Every structure is written in C-alpha cells, then in structure tokens.
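Reader: Please take a close look at a single part of this model. I would like one connected account of a residue and its surroundings.

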Amino acid sequence: MSDSPATRLQQLFEGHRLTPTQRRIAHSMVRRAADVPFLSSVELAELAGVSQPSVTRFAVALGFDGYPALRKHLREVAPTGQDTDAAPYNEYQQAVLGEIENLRHLAELLADPAPAERAGRLLAASRPLPVLGLRAASSQARGFAYFAAKVHPDVRLLDEGGTMLADRIDTARTAGASALLCFALPRHPKEVVEALAYAREAGLTVITVADSAFAPVARHSDLLIPAAVGTGLAFDTACAPMLLGRVLLEAMCDHLPEAQARLEEFDAGAAARGLFAE
C-alpha cells in the first residue's frame, strides 16, 4: 500500500470499533486526507455533517486525549514534499486493500493447518451438525450450511434467535450432535454468547469463526479460529471469515469418505433436472 495521507489515515482507523457516526467522520477524513491536519474540530464536524462533540469523542475513541492531540499527530506524520503525481487511493480502494491485508493475515494463520484440520474432523463427526450465525453473521452461517448440506447428511442452520434457539440446540444434541459451528461477527449479539454457553453446557464442542481471538464468544469456544473483518466502509466487510468458512468446508470434506460420491450424485441429479443454465 502507498504512503499517501489517505493510506496513513486508514491505518490509523484499523483495529478500532467505531460507531456509525464515527465511521462517517473517518470517511470524510479519508476523502479530504491532505487537508485534515489543518482543519479545526468545527470544520471537520461540518465536513462530516456531525456535531463538534462527536468529533471529540471520535478522537478519544482512537486513543487521543482530544481532537487537538489527533490533529497534532496528523501534522507530525504528514509527509514533506509528497509526490503530487502519485494519486492516493480513494476510500473504496482502501477498503479493498484492507481486505487483501486481512486475507494475507489469514493465509499466515493457516500456515499451521492443525486447527482447521481439527475443526474438520469435529464437524464431519457431528451428526447432525448445527451451524449458528445471527444478525451480521447469518449470511456466513447460511453460506456454509448451503454447501455443507451437499456433502454432510444432516446440517441444521440456526440463523434465527429468540426463545426457540435453545430448543433447537437441545433437539440437535438429542439427535446425536457432538459439535456446533458458530460464525460470530461484530457487533456480537448477547444471544450468541449465551447460546454458545448453553451449547457447551449441553455437551457440544463449539468451533467458532470470529473476527478476533479476543471476541466475546472466545470464552465459550473450544476451538476459535480468527478471521478479521474490514472496517473501512460504513458496514463491516467479511471476506476473510467467508473464506475461512470455505476452508473449514474443505477440511470437513477430507474427513467425510462419502463426500465425493454425494457431490457426484448431486451433479447427476442437477444435470437430469436441467437445474443450471450453463
């Protein structure tokens, strides 16, 4: 990534859980990266369309005593004699580059395949296999469950909360489930934390894909594999958690002797029904 003002700002924001208002301020700063070190808090507030106290709280959220300390930091790290011919990355490019960095971190983590292989064994052995994901993580859980059902004989998607969630965990355990896979992404619903605690009390081994090893679900997980989310846009991006889910699918298939036969059976049936356009 370049050493442009926008890049340095993006790096400053990474790793901080910002509110929607604070992200709006961050986006405005990235758009006016070259000017930000010289803007007052009032000017930045007007630029972002927020209140001046919101700018102060934003600076504190980044670890500074207040906005003056943040502006002082930005002036100190501002380049001298920046190459004006080099176009800085815009906020959309920054978001993509941030996700690429998250994927690099995931690749480094998977240099030790043991955790993923262990997860694959546990998931393959669980009959049925409950897959939990609520709110922001529901799409990750649903995607995993969709593909897993092609090779695993009994996958049960738990993507709705409420009083019946514990009932569905009980039903899976009574039917023979030995493990539960959870996708847990920010912001972490209390219901997910409580569901994992309940699942472990019921005797299930909990495997979790979370945005951080220090996520609230960590203390209720037997095996947690982290995959960072991108925070460069108004809403988190989850390319790394999605890819990690596919890695766990692959690891699970390695421990399902019937996986290849099931896939071939599905392909034959899809061709006979003319299921796909190509």
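Author: A definition comes first: contact means heavy atoms within 4.5 Å. Angles run from 0 to 180 degrees between N-to-C directions. The model is predicted.

Start with the residue R168. R168 sits in helix 9, which spans residues 164-174. Is R168 buried, exposed or partly exposed? The relative accessible area of R168 is 31%. Buried means under 20% and exposed means over 50%, with partly exposed in between. R168 is therefore partly exposed.

Now its contacts. Leaving out residues up to four places away in sequence, R168 touches L157, L158, D159 and E160. V36 is a distant reference point: 132 residues separate it from R168 along the chain, and their C-alpha atoms are 52 Å apart.

Next, the sheet. It is open, has 5 strands and pairs in parallel. The strand order is 2-1-3-4-5. Strand 2 (155-158) and strand 5 (223-226) are the edge strands, each pairing on one side only. From one strand to the next, the twist averages 15°.

Look at one pairing within the sheet. Strand 1 (residues 129-132) and strand 3 (residues 179-184) run parallel, joined by 2 bridges. V131 has L181 in strand 3 as its bridge partner.

Finally, the helices. Helix 9 lies across strand 1, strand 2 and strand 3. Its direction is at about 165° to strand 2. Helix 8 (residues 138-148) also lies across strand 1, strand 2 and strand 3. Helix 8 runs at about 165° to strand 2.

Conventions. Residues are numbered from 1 along each chain as its sequence is written. This is a predicted model: local features need pLDDT of at least 70, side-chain atom pairs count only at pLDDT 80 or more; totals for chains, interfaces and linings use all residues. Side-chain values use heavy atoms; hydrogens and water are left out. Helices (H or I, at least four residues) and strands (E, at least two) are DSSP runs, numbered from the N terminus. Buried means under 20% relative accessible area, exposed over 50%, partly exposed in between (1.4 Å probe, protein chains only). Two strands pair if DSSP finds at least two bridges between them.
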